[in-house]
Amino acid sequence: MNSAESLDQTIIKTFRNSGYRATPQRIAISRYILRNHEHPTAQRTYQEIKRTHPTVSLATIYTTIKILKETGLICELNLPQSQTRYDPNTEPHVHLICLQCGSITDWMDPIMQKLVRNISRKANFTVIGSSFDLEGVCESCQRRAKEALKSSAQPAELASTIKS
């Protein structure tokens, strides 16, 4: 069995065990979110699923997301000044959030898992989810900013050499 078949079986089993029908639309929505590591919004999910399932409604998107959250298959990310986004990675990890382009990158580190286990054990606390967000500027945005500075500095440098 390949990973796509395994994912579909997990999705179908999750819906049926939760008392919901595993419709083709719900399966497509679930596949899209569970395979997407860009942390999609409900609106983005709707736009993508509508391409292959033109009759899908936004209500179906939200209902499916609710089921995926309730069953622990995804986590909800409520970011300041942003639409709610969804993460299929439910393991303890860090989110690197770019304040310029809005990208979210998962950063996995064994220290996070160890930290969560230690806190859980010492506090006698059962952790069912975690979120650790670091905000900053991603490598791509930093590179674009440097290139913009270089290109804006060149005309000034040319002007100063012409005057000399």
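In this predicted model, the side chains of Asp-87 and His-39 are joined by a polar contact of 3.4 Å. Asp-87 belongs to strand E2, which spans residues 85-87. Although Asp-87 is buried, it takes part in no salt bridge. The nearest side chain of opposite charge is that of Arg-85, at a distance of 9.7 Å; the cut-off for a salt bridge is 4 Å between a side-chain nitrogen of Lys or Arg and a carboxyl oxygen of Asp or Glu, so Arg-85 does not qualify as a partner. When neighbours within four places in sequence are set aside, the contacts of Asp-87 include three histidines, His-39, His-93 and His-95. Leu-73, Ile-74, Cys-75 and Leu-77 are also in contact with Asp-87, as is a further acidic residue, Asp-106.

**Salt bridges**

Side chains of opposite charge can pair when their charged atoms come close. The structure contains 6 salt bridges. Arg-31 and Asp-8 form one of them, with an N to O distance of 2.7 Å. Arg-31 is located in helix H2 (residues 24-35) and Asp-8 in helix H1 (residues 3-17), so this pair ties together parts that lie 23 residues apart in sequence. With a relative accessibility of 27%, Arg-31 is classed as partly exposed.

A second pair consists of Glu-76 and Lys-69, whose side chains meet at 2.6 Å, N to O. Glu-76 is partly exposed at a relative accessible area of 34%, and Lys-69 is likewise partly exposed, at 32%.

The salt bridge between Glu-139 and Arg-143 has an N to O distance of 3.7 Å. Both residues lie in helix H6 (residues 139-163), where a spacing of 4 residues corresponds to about one turn of the helix. Glu-139 counts as exposed at 58% relative accessibility, whereas Arg-143, at 41%, counts as partly exposed. In addition, Arg-44, Glu-48 and Arg-51 are linked in a network of salt bridges.

The pairs with individual distances are listed below.

| Salt bridge | N to O distance |
|---|---|
| Arg-31 and Asp-8 | 2.7 Å |
| Glu-76 and Lys-69 | 2.6 Å |
| Glu-139 and Arg-143 | 3.7 Å |

**Helix H3**

Glu-48, a member of the salt-bridge network, is also one of the buried residues of helix H3 (residues 42-52). Ala-42, Thr-45, Tyr-46 and Ile-49 are buried in this helix as well. The cover over the buried residues of H3 includes H2, helix H4 (58-70) and E2.

**The open sheet**

Three strands make up an open sheet with mixed pairing, in the order E4-E3-E5. Strands E4 (104-107) and E5 (132-136) occupy the edges and have a single partner strand each, so one side of each lacks a neighbour in the sheet. From one strand to the next, the twist averages 25°.

Strand E3 (residues 94-98) runs parallel to E5 and is joined to it by 5 bridges. Within this pairing, Leu-96 stands opposite Leu-134, and Ile-97 has Glu-135 as its bridge partner. E3 and E4 run antiparallel and are joined by 4 bridges. Ile-97 takes part here too, standing opposite Ile-104 in E4. E3 is mostly covered, with 4 of its 5 residues buried. The hairpin of E3 and E4 has 5 residues between the strands, and Gly-102 in this hairpin adopts a positive phi near 85°.

**Loops on either side of E2**

Gln-81 is placed in the loop between strand E1 (75-77) and E2. At a relative accessible area of 87%, Gln-81 is exposed. Its C-alpha atom is separated by 10.0 Å from that of Leu-99, a residue 18 places away along the chain.

Pro-92 is found in the loop between E2 and E3. Pro-92 has a relative accessible area of 15% and is therefore buried, the limit being under 20%. From C-alpha to C-alpha, Pro-92 and Phe-132 are 8.3 Å apart, while their separation in sequence is 40 residues. Leaving out residues up to four places away in sequence, Pro-92 touches Met-108, Met-112, Gln-113, Val-116 and Ser-130.

Methods:
Residues are numbered from 1 along each chain as its sequence is written. This is a predicted model: local features need pLDDT of at least 70, side-chain atom pairs count only at pLDDT 80 or more; totals for chains, interfaces and linings use all residues. Side-chain values use heavy atoms; hydrogens and water are left out. Helices (H or I, at least four residues) and strands (E, at least two) are DSSP runs, numbered from the N terminus. Buried means under 20% relative accessible area, exposed over 50%, partly exposed in between (1.4 Å probe, protein chains only). Lys and Arg count as positive and Asp and Glu as negative; His and the chain ends are not counted. A polar contact is a pair of N or O atoms within 3.5 Å; within protein, one must be able to donate a hydrogen and the other to accept it, and residues adjacent in sequence count only if both atoms are side-chain atoms. Contact means heavy atoms within 4.5 Å. Two strands pair if DSSP finds at least two bridges between them. Axes are lines fitted to C-alpha atoms, for helices over the stretch in contact, and angles run from 0 to 180 degrees between N-to-C directions.
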